[in-house]
Amino acid sequence: GTTGPTAQARGAGDVAELRTILARALLLAGAIGGLLVLLQLPILAAALWLIEASAEVERHAAEYFRIRVWALPAVLGSYAIVGWLYGLRDARLPLLILFVTNGINIVLSLLFVIGFGWGVPGVALASLIAEYTGFAAALLCAYRVLRGLPNDGRRSRVLDPAHFARMLAINGDIVLRTFFVVSVLALFMAKSAELGDVQLAANQVLHTFLMFTSFGLDGFAHAAESILGESVGRRNREAFRRNMRVVFLWAGLVAALNVAVYLAAGPSIIALLTGIPEVRAAAETWLLWPALLPLVGVWAYTYDGVYLAATRTRIMRNTVLLSFMVFLLVLHLVMPVFGNAGLWGALAVFLGLRGVLLHLFMP
């Protein structure tokens, strides 16, 4: 919820608000992250109750969660800074921050798991250390950018009631929107677990294809938030529409490229993600689903950026809620008959319907 308001303040030339948006975002990230850390035991209990997995999977999940949950304040703080930098049209520093975070994560994961033999707790610990290192790098980047901002002599209070209420409202809508998106993925994995450990592992591998796609298309969503948000700040409707067309054109081309790569190199990518023969075979059986989903999901991903740029988050929240309800209905009706195909079909319906509804409700 940081990029859109930051881009709008930049478009309006309000430097004082640019500074305080970051402070508000970090304050909110710290409060939410700290609260979730305090509530970690009931959250873990609820998650294990909701997801019916084997005893071994539940044990590993609990081990991972109890370590990784402590990274939440750093994760959310990094999100706030990265979103703020995107709002300033700076994509290089976020790339540096993510490079530091993920680079350290990879190195430490290999060291702790392969070198020290710590297994799942080693993976979690590597992520924990990496997230706080990445947050430190993000703070340093933010400090350097703040020093370079001009001083226009105006002041804006961090706890200004109107501005803080607006940020809370925007973030509240986004939290609900993200809750339903994450719930779909959680239910997808929970239902995969009911199909057995091999199918669960295969669907987890194939879900990584969706993550590759979402990261690629989220780049255009972030660009939309920054560029279109600036147009909103300047109240330039024609620039908003023109830039929106460009963003959708490039997002569509990248989605088509993803499909081509997945269809051509899917088995090779699966082989890189798992060395277990049974999981590889199961994943290849269902590869067509994640290979084609970029063309289904591109509209939802990109429209999210458009709506966030205009801070029209209520519409975004309501459309994802409706799509989630339809997903539950399809899942209930189709999966008992078609098994894993029904599961992937329900996910496709969720992604596709989100894009359709966001298009229909576009102001």
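Partly exposed here covers relative accessible areas between the buried cut-off, under 20%, and the exposed one, over 50%. All the close-ups below come from a predicted model.

**View 1. Glutamate 194 pairs with lysine 191 in helix α8.** Glutamate 194 has a relative accessible area of 44%, so it lands in the partly exposed class. Lysine 191, at 25%, is partly exposed too. Their side chains meet in a salt bridge, 3.6 Å from N to O. The two sit three residues apart in α8 (residues 161-194), which means about one helical turn lies between them.

**View 2. Glutamate 230 and arginine 234 bridge one turn of helix α9.** Here the spacing is four residues, again about one turn, within α9 (residues 197-234). The closest N and O atoms are 3.1 Å apart. What about burial? The pair is split: glutamate 230 is buried because its relative accessible area, 5%, falls under 20%, whereas arginine 234 is exposed because its 54% is over 50%. Zoom out a little and this pair belongs to a network of salt bridges that links Arg10, Arg89, Glu230 and Arg234.

**View 3. Glutamate 17 meets arginine 24 under cover.** This salt bridge has its closest N and O atoms 2.7 Å apart. Both partners, glutamate 17 and arginine 24, are buried. As a bit of background, side chains of opposite charge can pair when their charged atoms come close. For context, a search of the whole structure turns up 10 salt bridges.

**View 4. Five arginines gather in a positive surface patch.** The members are Arg237, Arg241, Arg242, Arg245 and Arg312. Take arginine 241 as the one to look at: it is found in helix α10 (residues 237-273). With a relative accessible area of 45%, arginine 241 is partly exposed. That value is over 30%, so arginine 241 clears the accessibility cut-off for patch membership.

**View 5. Threonine 311 sits in a loop between two helices.** The loop runs between α12 (288-309) and α13 (313-338). Is threonine 311 buried or exposed? Buried, since its relative accessible area is 19% and the cut-off is under 20%. Leaving aside residues up to four places away in sequence, threonine 311 touches Gly4, Pro5, Gln8, Arg166 and Ile170. One of these contacts, Arg166, belongs to the residue range of helix α8 (residues 161-194), the helix shown in View 1.

Technical notes. Residues are numbered from 1 along each chain as its sequence is written. This is a predicted model: local features need pLDDT of at least 70, side-chain atom pairs count only at pLDDT 80 or more; totals for chains, interfaces and linings use all residues. Side-chain values use heavy atoms; hydrogens and water are left out. Patches are made of residues with over 30% relative accessible area and no salt bridge: like charges are joined within 9 Å, nonpolar side chains (Val, Leu, Ile, Met, Phe, Trp, Tyr) within 5 Å. Accessible areas come from the Shrake-Rupley method with a 1.4 Å probe; for residues, only the protein chains shown count as cover. A salt bridge is a side-chain nitrogen of Lys or Arg within 4 Å of a carboxyl oxygen of Asp or Glu. Lys and Arg count as positive and Asp and Glu as negative; His and the chain ends are not counted. The place of a charge is taken as NZ of Lys, CZ of Arg, CG of Asp or CD of Glu. Buried means under 20% relative accessible area, exposed over 50%, partly exposed in between (1.4 Å probe, protein chains only). Contact means heavy atoms within 4.5 Å.
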